[in-house]
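This report covers the sheet, two helices, the salt bridges and the confidence of one chain. Please keep the structure open while reading.

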Amino acid sequence: MAPVATNEERGNTTVDRIAELKNTQAKPLRETKLINPFYSPSAGNGNDDDYQYAKYKPYFPVVNWEPLTEIDVTDRGHFADPDKKALFSAAQKVKHLTPAIGTELVGIDLRQLTDQQKDELALLVAERGAVFFRDQALNIHEQLDIARHFGPLHKHATTPIPREGLEEVHVVYNDAARRPDASAFSKIELWHSDVSYEIQPPCATSLKVITGPEYGGDTLWSSGYALYSSLSPGMQTYLEGLTALHSAVAQAEGSRSAGLHVRREPIETVHPVVRVHPVTGWKSVYVNPGFTRRILGVPKIESDTILNFLFHQVAENVDFQVRFHWEPNSVAFWDNRIVNHTATFDFWPQTRHALRATPHGEKPESVEDYESRTGKVAKDRQIEIWKQQGIEVPQAKKGPSRARGYND
């Protein structure tokens, strides 16, 4: 989501500003002008006549959708060649952007992918968290076709769709009419995993930028695998036993505050704090500042402390992150089960316009449930990589941990 626009005509004195804030605080949520930017979608009503992609600008249909129910989803990564030979052979170059997360494939035309290559792409996204392509000519219908290969498509309850229809498309749009207001949000709040409050949150999601600034407007992703691997074994074990509440309520209220219709009533869902990816079998921390509200079954101060620690690790530990600079016709695929992401809002007054396709994944599985269902042992990604490289990592025995460089 994008920061809310500021009102350039409001009072320009300190007294005026204090009076405005007092007046805002006294109003009910639905009347307030200070809308949380993460939950306040843009209408994008200007500059239509000469804009090439006007038909893809935001539209908010007044329709009502039934609540979502559980559906069968089988991750296509299960059917992929582990070496991803078909996908990699089609690429001119495979560039890993950081050790933890992010790979760019050069020279591939996404319109030409075979089903086998799509399966291998699903596996690569599951392993690397985010995968990037540039100079892609595929249109939104072709983007949706790839997304449907990964799973049934999600329809968002509050965010805009293109004006030409296409209810399964999520529009990301900001222009000169929507100036960021830093008084309304903190940057940590904007980190999120898409619609994590759903019963079956998304898997391999794609975004194509069709209009963007020359510089600025980047997106950052943070790896939940890497966050899990960075923790002490004691903390890992503790988190594996916890669940957390993910809520759509604030997002729905933010839309209503902006005078927009909510197409599906908001829900709150409990998910494991550590989930296991169904294909890789790797453990990932699964909380995010945008939608995770509290850890269940512990005192509030404990929940607040643990979530605050994890949120800051997501947002501030650069060892877990990759940053991608968009160009028109760039496409990113990321696995919402194992990464959080955020955008930079440093490009105002330029226009940034993108289209997202969002397949449902499976219901999040805890370590205990995954191991019970599969008979396999869930893994720490980093330790598995070290093993593949022939590096022996001392594992913790009883008492203080010496694993990963921790000392007594």
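**The central sheet**

Six bridges join E6 to E17, and the two strands run antiparallel. Helices (H or I, at least four residues) and strands (E, at least two) are DSSP runs, numbered from the N terminus. Two strands pair if DSSP finds at least two bridges between them. In the E6–E17 pairing, valine 172 stands opposite alanine 354 of E17. E17 also pairs with E7: 5 bridges, again antiparallel. There, threonine 211 has histidine 353 of E17 as its bridge partner.

This is a predicted model: local features need pLDDT of at least 70, side-chain atom pairs count only at pLDDT 80 or more, and totals for chains, interfaces and linings use all residues. Residues are numbered from 1 along each chain as its sequence is written, and side-chain values use heavy atoms, with hydrogens and water left out.

E6 and E17 belong to an open sheet of 7 strands, in the order E2-E3-E4-E15-E7-E17-E6, with mixed pairing. Its edge strands are E2 (93–96) and E6 (169–174), each pairing on one side only. From one strand to the next, the twist averages 20°. (Axes are lines fitted to C-alpha atoms, for helices over the stretch in contact; angles run from 0 to 180 degrees between N-to-C directions.) Elsewhere in the sheet, E3 (residues 103–106) and E4 (residues 130–133) run parallel and are joined by 2 bridges. Threonine 103 stands opposite valine 131 in E4.

How is E17 placed, buried or exposed? Buried means under 20% relative accessible area, exposed over 50%, partly exposed in between (1.4 Å probe, protein chains only). 6 of the 6 residues of E17 are buried, so the strand is largely enclosed by the rest of the structure. Both faces are covered: Arg352, Ala354 and Arg356 are buried on one side, His353, Leu355 and Ala357 on the other.

**Helices on the sheet**

Helix H4 (residues 140–150) lies across E6, E7, E15 and E17 (352–357), running at about 35° to E17. Helix H3 (residues 115–128) lies across E2, E3, E4, E7 (204–211) and E15 (331–335), at about 125° to E4.

H3 is largely enclosed by the rest of the structure, because 12 of its 14 residues are buried. Among them are Leu121, Leu123, Leu124 and Val125, and also the charged-type names Lys118, Asp119, Glu120, Glu127 and Arg128. The length of H3 checks out: at 1.5 Å a residue, its 14 residues should span 20 Å, and its end C-alpha atoms are 20 Å apart. The expected span is 1.5 Å times one less than the number of residues. Glycine 129 follows H3 and has a positive phi, near 85°.

**Salt bridges**

Side chains of opposite charge can pair when their charged atoms come close. A salt bridge here is a side-chain nitrogen of Lys or Arg within 4 Å of a carboxyl oxygen of Asp or Glu. The whole structure holds 25 of them. Three are listed below.

| Acid | Base | Closest N to O |
|---|---|---|
| Glutamate 70 | Lysine 363 | 3.6 Å |
| Glutamate 167 | Lysine 155 | 3.1 Å |
| Aspartate 304 | Lysine 300 | 2.6 Å |

Take the pair of glutamate 70 and lysine 363, with N and O atoms 3.6 Å apart. Glutamate 70 lies in the loop between E1 (58–59) and H2 (85–90), lysine 363 in the loop between E17 and H9 (367–374), so the pair ties together parts that are 293 residues apart in sequence. Glutamate 70 counts as exposed, at 54% relative accessibility. Lysine 363 counts as partly exposed, at 43%.

Aspartate 304 and lysine 300 are 4 residues apart in helix H8 (residues 300–316), which means a separation of about one helical turn. Aspartate 304 is partly exposed at 35% relative accessibility. Lysine 300 is exposed, with a relative accessible area of 61%. Another set forms one network: Asp75, Arg275, Asp335, Arg337 and Glu362 are joined by salt bridges that share partners.

**Confidence**

pLDDT is the predictor's confidence in each residue, from 0 to 100. The chain has a mean pLDDT of 88, and 85% of its residues reach 70 or more. Over residues 2–35 pLDDT stays under 50; the model has 47 contacts beyond four places in sequence for them. Residues 398–403 are also below 50, with 11 contacts beyond near neighbours in sequence. Contact means heavy atoms within 4.5 Å.
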